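Colleague: Could you take me on a close look at one part of this model, the nonpolar core, and then show me how the rest of the chain sits around it? I'd be glad of one connected account.

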Amino acid sequence: MKEIERAVEAILFASGEPVQVERICTALDVDRKAAEKVLQTLGDYYAYERRGIRLLHVEDTWQLCSAPDCADVVRKAFEIRKPAKLSQPAMEALTIIAYYQPTTRAFVDQIRGVDSSYTVSLLLQRKLIEECGKLQVPGRPRLYRTTKQFLRAFHLTSLDDLPDLPELNEEIQLRMEKREIQDDGQPIAVPLKGQAANGQIRPS
């Protein structure tokens, strides 16, 4: 097991990027259960010993990264500028997309009550969201969803880790009763998590 741990550590270090579990399984000729056990053991070790590195788990990938409490010294060493915090409008738009993805900008606009063009563009630039197809309605509006960078930024393993947000659901339901939420001129139903609103996804 120790030899497998060493090998996994070497693979993750050499990659510098997220590595899929299946790639590790293939390289070491081990099954997924064994690989994930080793990865979890390594992750627990780095955290418990307060090492300068952490093992980040996002969906089906794992990556070595610097410990969050070392961020300031890492930035200073490499003269990295600290990224600007997201504004309140950007957080609002990102929250809506995260909980009702895939969804359109029009849906975001209707919930926020203002135009979100700039905000959505900013989220795209920060790679927190991405286009994932088009809605099969007149005008074929683009659909957006969150990215793995979003999961990394908010320390989530998967979208299942998102906390409940009853306040947002209540607000949407209230506006639906008033028929205020529309998409391309047509009232739309509030989508369930993981569904697009008012239509089918068409790949880009």
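**A close look at the core**

Modeller: Happy to! The largest nonpolar core has 22 residues, and those with the most contacts inside it are Leu94, Leu123, Ile129 and Phe150. Two or more residues of this core come from each of H5, helix H6 (105-112), helix H7 (117-125) and helix H8 (148-153). H5 gives the most, with 8 residues. Please keep in mind that this is a predicted model. As a general background, nonpolar side chains tend to be buried together in soluble globular proteins.

Let's start with Phe150. Leaving out residues up to four places away in sequence, Phe150 touches Leu94, Ala98, Lys127, Leu128, Leu156, Leu159 and Leu162. Beside this core there is a second, separate one of 15 residues, which includes Leu12, Val19, Cys25 and Val30. We'll come back to that second core below.

Thr147 is a good next stop, in the loop between strand E6 (142-146) and H8. Is Thr147 buried or exposed? Its relative accessibility is 12%, under the 20% cut-off, so Thr147 counts as buried. Again not counting residues up to four places away, Thr147 touches Lys127, Leu128, Ile129 and Glu130. Lys127 and Leu128 are also touched by Phe150, and Ile129 is among the core residues with the most contacts.

Another loop residue to look at is Leu86, between helix H4 (71-78) and helix H5 (88-100). Setting aside neighbours within four places in sequence, Leu86 is in contact with Met91, Leu94, Leu123, Arg126 and Leu128. Two of these partners, Leu94 and Leu123, are named among the residues with the most contacts inside the largest core. Leu86 and Thr119 are 33 residues apart in sequence, while their C-alpha atoms are 9.8 Å apart in space.

Now for the second core, which includes Leu12 and Cys25. Leu12 belongs to helix H1, where the buried residues are Glu5, Val8 and Leu12. These three cover an arc of only 65° around the axis, which puts them on the same side of H1. Behind that lies a general rule: an α-helix has 3.6 residues a turn, so residues three or four places apart point the same way. The face of H1 turned away from the buried side carries the exposed residues Glu3, Arg6, Phe13 and Ala14. The buried residues of H1 pack against strand E1 (19-20), helix H2 (21-28), helix H3 (32-48), strand E2 (53-58) and strand E3 (61-66).

The length of H1 can be checked too. At 1.5 Å a residue, its 14 residues (2-15) should span 20 Å, and the end C-alpha atoms are 20 Å apart, which agrees. Just after H1, Gly16 takes a positive phi of about 75°.

Cys25, from the second core, is buried, with a relative accessible area of 7%. Cys132 counts as buried as well, at 14% relative accessibility. The structure holds 0 disulfides.

Finally, stepping back to the whole protein, there are 9 helices and 9 strands. Buried residues make up 34% of the 204 residues. Of the contacts between residues at least 6 apart in sequence, 54% join residues at least 24 apart. The accessible surface comes to about 12900 Å², and 50% of this belongs to carbon and sulfur atoms.

Conventions
Residues numbered from 1 in each chain as written. Predicted model: local features only at pLDDT ≥ 70, side-chain atom pairs only at ≥ 80, totals over all residues. Heavy atoms only, no water. Helix = DSSP H or I, 4+ residues; strand = E, 2+ residues; numbered from the N terminus. Expected span 1.5 Å × (residues − 1). Buried < 20%, exposed > 50% of the residue type's maximum accessible area, 1.4 Å probe, protein only. Arc of directions from axis to C-beta. Contact = heavy atoms within 4.5 Å. Areas by Shrake-Rupley, 256 points an atom, 1.4 Å probe, with all protein chains shown as cover. Disulfide = S-S within 2.5 Å. Core = buried A, V, L, I, M, F, W, Y, C linked by side-chain atoms within 4.5 Å.
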